[in-house]
Amino acid sequence: MTTSVRQPLDEISKAIVEELQEDGRQSYAAIGKLVGLSEAAVRQRVQKLVDSGVLQIVGVVDPKQVGFARQAMIGIRCAGDARELGEQLGEIPQVKYVVQTAGSFDVLVEVVCVDDAELLDVLGGRIRALPGVVSTETFVYLKIAKEQYTWGKQ
């Protein structure tokens, strides 16, 4: 499998991304004034960033505010191909984030559940039941001290 290396964004595209990270609802005209482009040029650049997979424009929800009281990170040790396991884990609806790692765990998944009973079902009935899962360790979120989506900014 070949991985493609993306070309770095130019300064204007970086500025557009930063503006959208700050407020994803602001108009292309407002962004254009800040970065020195027309509304149409900003719209084209944003569309290109979305089409290439560099940028997603989404609404971020606080899970607790919409009825999901339990979040957890689960470290998984596996036998066999962690990539295949990652694909299977990604199909579980409560799993929101899957990453293959080096270190104590082969895969980390973040789950968002209605309550502890659902977490127990996902953990025991879905994750541990997958072929290749050797062991799991669950880190229940008590409080999220920081969560941000401004990766391009320093």
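This is a short tutorial dialogue on reading the sheet, a helix and a surface patch in a predicted model.

User: I'm new to this. What holds the strands of a sheet together?

Analyst: Good place to start! Strands of a sheet pair through backbone hydrogen bonds, and the pairing may be parallel or antiparallel. In this predicted model, 4 strands make an open sheet with antiparallel pairing, and their order is β2-β3-β1-β4.

User: Which strands stand at the edges?

Analyst: Those are β2 (95-100) and β4 (133-140). Each has a single partner strand, so one side of each is left without a neighbour in the sheet. As you look along the sheet, the twist averages 20° from one strand to the next.

User: How many bridges link β1 with β3, and β1 with β4?

Analyst: Take them in turn. β1 and β3 pair in the antiparallel sense over 7 bridges, and β1 and β4 are also antiparallel, over 7 bridges. You can find individual partners too: Ile74 has Val109 in β3 as its bridge partner, while Ala72 stands opposite Val140 in β4.

User: Is β1 largely enclosed or left open by the rest of the structure?

Analyst: Here we ask how many residues are buried, meaning under 20% relative accessible area. In β1, 8 of the 9 residues are buried, so this strand is largely enclosed by the rest of the structure.

User: What should I look for where β2 meets β3?

Analyst: Look for the bridges first. β2 pairs with β3 (residues 107-113) in the antiparallel sense over 5 bridges. Val99 stands opposite Leu108 in β3, and Gln100 has Val107 as its bridge partner. Then follow the chain between the two strands: this hairpin has 6 residues there, and Gly103 takes a positive phi near 125°.

User: Which helix lies across the strands?

Analyst: That is helix α4 (residues 82-90), which lies across β1 (70-78), β2, β3 and β4. To describe its direction, we compare it with a strand: α4 runs at about 175° to β2.

User: Now the surface. Which residues make the nonpolar patch?

Analyst: Val58, Val60, Tyr149 and Trp151 make a nonpolar surface patch of about 490 Å². Let's pick one of them to locate: Val58 sits in the loop between α3 (39-51) and β1.

User: Why does Val58 count as exposed?

Analyst: The cut-off for exposed is over 50% relative accessible area. Val58 counts as exposed because its relative accessibility is 56%.

Notes: Residues numbered from 1 in each chain as written. Predicted model: local features only at pLDDT ≥ 70, side-chain atom pairs only at ≥ 80, totals over all residues. Heavy atoms only, no water. Pairing = 2+ DSSP bridges. Axes fitted to C-alpha atoms, helices over the stretch in contact; angles between N-to-C directions. Contact = heavy atoms within 4.5 Å. Patch = residues over 30% accessible without salt bridge, like charges linked within 9 Å, V, L, I, M, F, W, Y side chains within 5 Å. Areas by Shrake-Rupley, 256 points an atom, 1.4 Å probe, with all protein chains shown as cover. Salt bridge = Lys/Arg side-chain N within 4 Å of Asp/Glu carboxyl O. Buried < 20%, exposed > 50% of the residue type's maximum accessible area, 1.4 Å probe, protein only.
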